[in-house]
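Hi,

Here is the structure I said I would pass along. Have a look at it first, and then read my notes underneath.

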Amino acid sequence: MTSTISSSPKVMAGKPVVTGTRITVEGILEKLAAGESEQQILEAHPRLEPDAIKAALEFAAKALRADVVYPLETA
């Protein structure tokens, strides 16, 4: 099965999620950024397919291709 990303106002307030789950792209990216391995994420979310992590990364890359400047907060 190939995982896809979808968004609906009725699921997680419209945040992009792995289709058929309530697991957000944001959550997957945060876990990866915190140093969790793909295996740890899959173990924590048994309904998640291995290709869901790749789908989340592809979605994020496509979303960032837009010609928008994202200011970064500096402390």
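**Salt bridges and a leucine**

K54 and E58 form a salt bridge, with 3.8 Å between the closest N and O atoms. Keep in mind that this is a predicted model. Both residues sit in helix α3, which covers residues 50–64. They are four residues apart there, or about one turn of the helix. As for the solvent side of things, K54 counts as exposed because its relative accessibility, 54%, is over the 50% cut-off. E58, at 41%, counts as partly exposed.

How many salt bridges does the structure hold? There are three, so here are the other two, beginning with E26 and K15.

The side chains of E26 and K15 meet with an N to O distance of 2.6 Å. This pair links distant parts of the chain. E26 belongs to helix α1, while K15 is in the loop between β1 (5–6) and β2 (17–18), and the two positions lie eleven residues apart in numbering terms. Are these two buried or exposed? Neither label fits: E26 is partly exposed with a relative accessible area of 37%, and K15 is partly exposed as well, with 38%.

The remaining bridge joins the side chains of K31 and E36, N to O at 3.9 Å. K31 has a relative accessibility of 25% and counts as partly exposed. E36 falls in that class too, at 28%. As background, side chains of opposite charge can pair when their charged atoms come close.

Now for the leucine. L32 is placed in helix α1, residues 25–33. Its relative accessible area is 26%, so L32 is partly exposed: buried would need a value under 20%. Which residues does L32 touch, once those up to four places away in sequence are set aside? The contacts are E38, I41, I53 and L57. S8 is another residue to look at alongside L32: they are 24 residues apart along the chain, and their C-alpha atoms are separated by 24 Å.

If you open the model, I would begin with K54 and E58 in helix α3, then go to the link between E26 and the loop that holds K15, and finish with L32 and its contacts to E38, I41, I53 and L57.

Cheers

Key
Residues are numbered from 1 along each chain as its sequence is written. This is a predicted model: local features need pLDDT of at least 70, side-chain atom pairs count only at pLDDT 80 or more; totals for chains, interfaces and linings use all residues. Side-chain values use heavy atoms; hydrogens and water are left out. Buried means under 20% relative accessible area, exposed over 50%, partly exposed in between (1.4 Å probe, protein chains only). Contact means heavy atoms within 4.5 Å. A salt bridge is a side-chain nitrogen of Lys or Arg within 4 Å of a carboxyl oxygen of Asp or Glu.
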